[in-house]
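Good morning, colleagues. Please take a moment with the sequence and the model on the screen before I begin.

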Amino acid sequence: MAKRGGFPGGMPGNMNNLMKQAQRMQRQMEESQKELETKEFTAKAGGGAVEVTVTGKKEVTKVILSPEVVDPDDIEMLQDLIMAATNEAMRMADEASAAMMGSMTGGLGGFPF
């Protein structure tokens with residue numbers, strides 16, 4: 001007599017548990033993403049002459065310039081410092097996002113596929 005197809009041992013119950021875990025993980029990821037979006041990341045350039053703050057949503061919220069860095073004869077240096085501080089703050093936000101995602105998905109390595 002041929003065996004019936006399907007998964008022996010109650011796989012549908014295991015599938016329900018898997019779905020519940022996936023839904024729980026999704027809620028945790030959404031909560032963590034909202035929390036990350038409210039955080040601010042500040043970076044400095046030029047020995048602190050330029051300071052830029054961005055949010056986890058990668059929006060620039062603040063730029064602080066020291067008066068001595070504002071030289072009308074060297075606008076290019078100021079532009080470079082602003083760019084460097086902004087890029088560093090964005091990198092900090094990216095790293096925080098990657099760390100959050102890594103902690104959320106760290107347990108996925110145990111799946112057999």
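Of the 113 residues of this protein, 20% count as buried. Please keep in mind throughout that we are looking at a predicted model. The accessible surface comes to about 8,400 Å², and carbon and sulfur atoms supply 55% of that area.

Let me set out the fold. The protein has 2 helices and 3 strands. Read from the N terminus, the order of elements is α-β-β-β-α. As for contacts between residues at least 6 apart in sequence, 46% of them join residues at least 24 apart.

I turn now to the interior. The largest nonpolar core contains 16 residues. Which of them have the most contacts inside the core? They are Phe41, Val50, Val52, Val54, Val69, Leu81 and Ala85. Strand S1, residues 40-45, supplies at least two residues of this core, as do S2 and H2. The greatest contribution is that of H2, which gives 7 residues.

Leucine 81 deserves a closer view. With its neighbours within four places in sequence set aside, leucine 81 is in contact with Ala45, Gly46, Val50 and Val69. Two of these partners, Val50 and Val69, are themselves listed with leucine 81 among the core residues that have the most contacts.

Two threonines are also worth attention. Threonine 86 has its place in helix H2. Is threonine 86 buried or exposed? Its relative accessible area is 18%, and buried means under 20%, so threonine 86 counts as buried. Beyond its neighbours within four places in sequence, threonine 86 is in contact with Val52 and Val60. Val52 belongs to the core residues with the most contacts, whereas Val60 is part of a nonpolar surface patch to which I shall return.

The other is threonine 55, which is found in strand S2. Threonine 55 is buried as well, at 10% relative accessibility. Once the neighbours within four places in sequence are left aside, threonine 55 is in contact with Glu37, Lys39, Glu40, Phe41, Thr61 and Ala93. One of these, Phe41, is also a residue with many core contacts, being named in the group with the most.

Next, the charged side chains. As a general matter, side chains of opposite charge can pair when their charged atoms come close. How many salt bridges does the model contain? The count comes to 4.

One of them joins aspartate 94 and lysine 58, with N and O 2.4 Å apart. Aspartate 94 lies in helix H2, residues 75-105, while lysine 58 lies in the loop between strand S2, residues 50-55, and strand S3, residues 60-65, so this pair ties together parts that are 36 residues apart in sequence. Both ends are partly exposed: aspartate 94 at 36% relative accessibility, and lysine 58 at 42%.

Other pairs lie within helix H2. Glutamate 88 forms a salt bridge with arginine 91, the closest N and O atoms being 2.2 Å apart. These two residues stand 3 positions apart in helix H2, a separation of about one helical turn. Arginine 91 also meets glutamate 95 in a salt bridge, again with an N to O distance of 2.2 Å. Here the spacing in helix H2 is 4 residues, about one turn of the helix. Glu88, Arg91 and Glu95 are thus linked in a network of salt bridges. With respect to accessibility, glutamate 88 is partly exposed at 29%, arginine 91 is partly exposed at 36%, and glutamate 95 is partly exposed at 45%.

Finally, the surface. Which residues form a nonpolar patch there? They are Val60, Val63, Leu65 and Val70, and together they have about 300 Å² of accessible area. Valine 70 is found in the loop between S3 and H2, and its relative accessible area of 47% places valine 70 in the partly exposed class.

To close, I would draw your attention to helix H2. This helix gives the most residues to the largest nonpolar core, holds the buried threonine 86, and carries aspartate 94, which pairs with lysine 58 in the loop between S2 and S3. Arginine 91 and glutamate 95 lie in helix H2 too. Thank you for your attention.

Conventions: Residues numbered from 1 in each chain as written. Predicted model: local features only at pLDDT ≥ 70, side-chain atom pairs only at ≥ 80, totals over all residues. Heavy atoms only, no water. Salt bridge = Lys/Arg side-chain N within 4 Å of Asp/Glu carboxyl O. Buried < 20%, exposed > 50% of the residue type's maximum accessible area, 1.4 Å probe, protein only. Contact = heavy atoms within 4.5 Å. Areas by Shrake-Rupley, 256 points an atom, 1.4 Å probe, with all protein chains shown as cover. Core = buried A, V, L, I, M, F, W, Y, C linked by side-chain atoms within 4.5 Å. Patch = residues over 30% accessible without salt bridge, like charges linked within 9 Å, V, L, I, M, F, W, Y side chains within 5 Å.
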